[in-house]
Amino acid sequence: MFYFVEYLRAMRAIRIVGIILGILLLIGIIFRLSFLNGASPEAYVTTLQSSPTAHVSQQTLADGSTRITIDDPAKHTHAVILRSGKTVRMDVTEPSTSARQYHDTVSFGSTSMNEDAHKGVSHVTMMYKPGADFTLGGLFQISILIGVIVASILAGPLAKENDGHLELAWTKPVSRERYALAAIGTDIAAIVVSQLGLIAVVLLGTAMWVMPTITAGRNAAELILFSLLAPVAWYACLTCFSASLRRGVGMVLGLGWFLALVIPGVYAATSHTYNPVGIGVHAIFMALAYIDPIAYVPSMSPHGAHENMFASMSVSLASVALLAIAYLAFAVLQWRRVEA
Amino acid sequence: MSISIAHLTKTYGKLAAVDDVSIEIPSGSVFGLLGPNGAGKTTTFKCMLGLARATSGEILFGGKPLTPKTFEYLTYVPERSVLYEWMSVREHIEMQRRVFARFNQKRADELLQMFALDPRKRIRSMSKGMRTALAVVLAFANEPDIFILDEPTSGLDPVNQRSVLKLIIDAAAGGSTVVFSSHQIGQVERAADHIAVLQHGKVVLGGAVDDLKAGSKIVEGIFESDAVALNGLSSDKRITRVEKTGRIVRLTVRAGSDTLAQQLSSMGAQSVRIVDLNLEDIFLDAVDAGASADVVEHA
């Protein structure tokens, strides 16, 4: 295992990610426990139904939905709960806890609530979905951020060897190319593991409140591949630009982030300019954006569509794949020419 | 396993760090590479190991050029620490164990104990000497056929220096070939059977230590006062070096030691003796070559 040093580096990064995700999960558990039995709409319905003075009736409507009517004269409460597919609508009329007149609107995740209080009577309309739907592609897209963060931590493994360790790295019974590729492979595995870790934490965190359901969704395979390749391309980019450096790998990693975000920013900001300087700047930044893996990372529209500065998801996927391969190949080629 | 270096040259721009160096290192020998700072010792090692690209020349290990497989039986201790600051001693040992098929864990444990190294300790908290000791442990636990050791006693205390020398001698006795450099000529004299002296990237002297010692002598005369006239001595072709320390005059001579002893007597020396050259004399003589005879005066 000649990539043992990189394995240790990768394990350290995974340990850090594990600690951060563990803390987030712990905060979620504490938050959930503090709202136990009181926070969900389902819990509220159960409370209304279980009142000893409540009259509960249930009927199935022609469209297959069910309607539960709860009438509790002792508590001056009347509620109608309509379950239609995955959506639940609840209308509750009950005594107001406040004498004043008010109107409230609350929206949290898939739950929205309107409350009108007037003359001591409150009318609440609540709509919610008793589960959380995830698409597979969407879940992986969430993990891109942690992927590029871990990629930034691990990037530049070759430059890290250049900084005073080549005598150890290059006196192993293995070729330089194989050594470099094994180190890179180890880091890529760590990036993927951290992404899967985040997905697991998202699902566990959701499951503490509502049961998550996962569907394939549109372009699942493309989205998953893109989500895994984008951080790798970013890692490859940083590794390539630092491969022949003896020192200053930290500067490349730090400046890399700055440039990666500035390039698509300037490209977008100058896209509607008509003066010659602006057009020139736009052309330069467009060219740079094509080799900036971060510029391909999509922002999610409310409709879940793929939106980035380039064309379709397929084009973006092919581009990041090509960038990853090209950057890594160039990194290895540079590194084998370095002298100790 | 023998090592052959033929016409090795390494240039950086116009500067020749190593200039047409040719050395033959017999199998099972301890070879000392000597030279002042900047003479090209480390560059020679780096070229031998492919860590720096030689401008020209050929290096063969057991008759074969260097390949990654060569490192299965060759180990290198560099001049400066190349250990990973953030890793522990144990992790470095583990790193070697996982790579080298010949790595002997029991031997590694013994060597750690010999140098009193704590396996839990991180490199960043270790002194220069401890780092050198760990590099030596990693090299010797690999049990290779060829050791290339660039100042392997640097920063070590005298006890540990002696231990490293013993390891070198034992390794050669076991059939390994050891090439090492050191600024401590006494150590090289104790361990090496062959040497080469580098200066300005060139080999200025080389061969078996016994042969080199046999060629020259020291003629030492003690005079009544320190007002000794050395006229004529420095131009004598047989003398390579003249040293004067107070009343003592030391001549390093290539030939005619008896005649020169008589000459010192006739100049008024109260006592004259002829002694064999030590390696330090040979080294100083070699790096001073160029001037036919130096007159070095010590207070």
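**Exercise 1. Place B:Gln199 in its surroundings: which residues, leaving aside its neighbours within four places in sequence, is B:Gln199 in contact with, and is B:Gln199 buried or exposed?**

*Solution.* In this predicted model, once the neighbours within four places in sequence are set aside, the contacts of B:Gln199 are with B:Pro36, B:Ala39, B:Val204, B:Ala286 and B:Val287. The next step is to locate the residue in the secondary structure, where B:Gln199 belongs to strand S9 of chain B, which covers residues 194-199. The last step concerns accessibility: the relative accessible area of B:Gln199 is 17%, and because buried means under 20%, B:Gln199 counts as buried.

**Exercise 2. Describe chain B as a whole, beginning with its secondary structure and ending with its surface.**

*Solution.* Counting the elements of chain B gives nine helices and 15 strands. Along the principal axes, the C-alpha atoms of the chain fill a box of roughly 70 × 40 × 35 Å. Of the 299 residues in chain B, 51% are buried. Turning to contacts with a separation of 6 or more, one finds that 70% of those in chain B join residues 24 or more positions apart. Finally, the chain exposes about 13,200 Å², of which 49% is supplied by carbon and sulfur atoms.

**Exercise 3. Determine how many disulfides a search of the whole structure finds, and explain why A:Cys240 does not form a bond with the closest cysteine sulfur.**

*Solution.* The search, taken over all chains, finds zero disulfides. A:Cys237, accordingly, is in no disulfide, and the nearest cysteine sulfur to its own is that of A:Cys240. Seen from A:Cys240, the closest cysteine sulfur is in A:Cys237 at 7.1 Å, which is too far for a bond, because a disulfide requires the two sulfur atoms to be within 2.5 Å. As to accessibility, A:Cys237 counts as buried at 8% relative accessibility, and A:Cys240 counts as buried at 4%.

**Exercise 4. Characterise the second largest pocket: which residues lie nearest its centre, and which element gives the most to its lining?**

*Solution.* Begin with the volume, which for the second largest pocket is about 520 Å³. Its lining consists of 24 residues, and those nearest the centre are A:Arg176, B:Leu49, B:Gly50, B:Arg53 and B:Leu66. Among the secondary structure elements, helix H7 (176-207) of chain A, helix H1 (41-48) of chain B and strand S4 (56-61) of chain B each supply at least two lining residues, and H7(A) gives the most, with three residues. Sorted by character, the lining residues of this pocket comprise 14 nonpolar, three polar and seven charged.

Methods:
Residues are numbered from 1 along each chain as its sequence is written. Chains are lettered from A and ligands numbered from 1 in the order in which they are written. This is a predicted model: local features need pLDDT of at least 70, side-chain atom pairs count only at pLDDT 80 or more; totals for chains, interfaces and linings use all residues. Side-chain values use heavy atoms; hydrogens and water are left out. Buried means under 20% relative accessible area, exposed over 50%, partly exposed in between (1.4 Å probe, protein chains only). On a 1 Å grid over the protein atoms alone, a cavity is a set of points where a 1.4 Å probe fits but cannot get out, and a pocket is an open set with protein on both sides within 12 Å along at least five of seven lines; lining residues have an atom within 4 Å of a point. Grid points are joined across faces, edges and corners, and a volume is the space filled by probe spheres set on the points. Helices (H or I, at least four residues) and strands (E, at least two) are DSSP runs, numbered from the N terminus. Ala, Val, Leu, Ile, Met, Phe, Trp, Tyr, Cys and Pro count as nonpolar, Asp, Glu, Lys and Arg as charged, and the others, Gly among them, as polar. Contact means heavy atoms within 4.5 Å. Accessible areas come from the Shrake-Rupley method with a 1.4 Å probe; for residues, only the protein chains shown count as cover.
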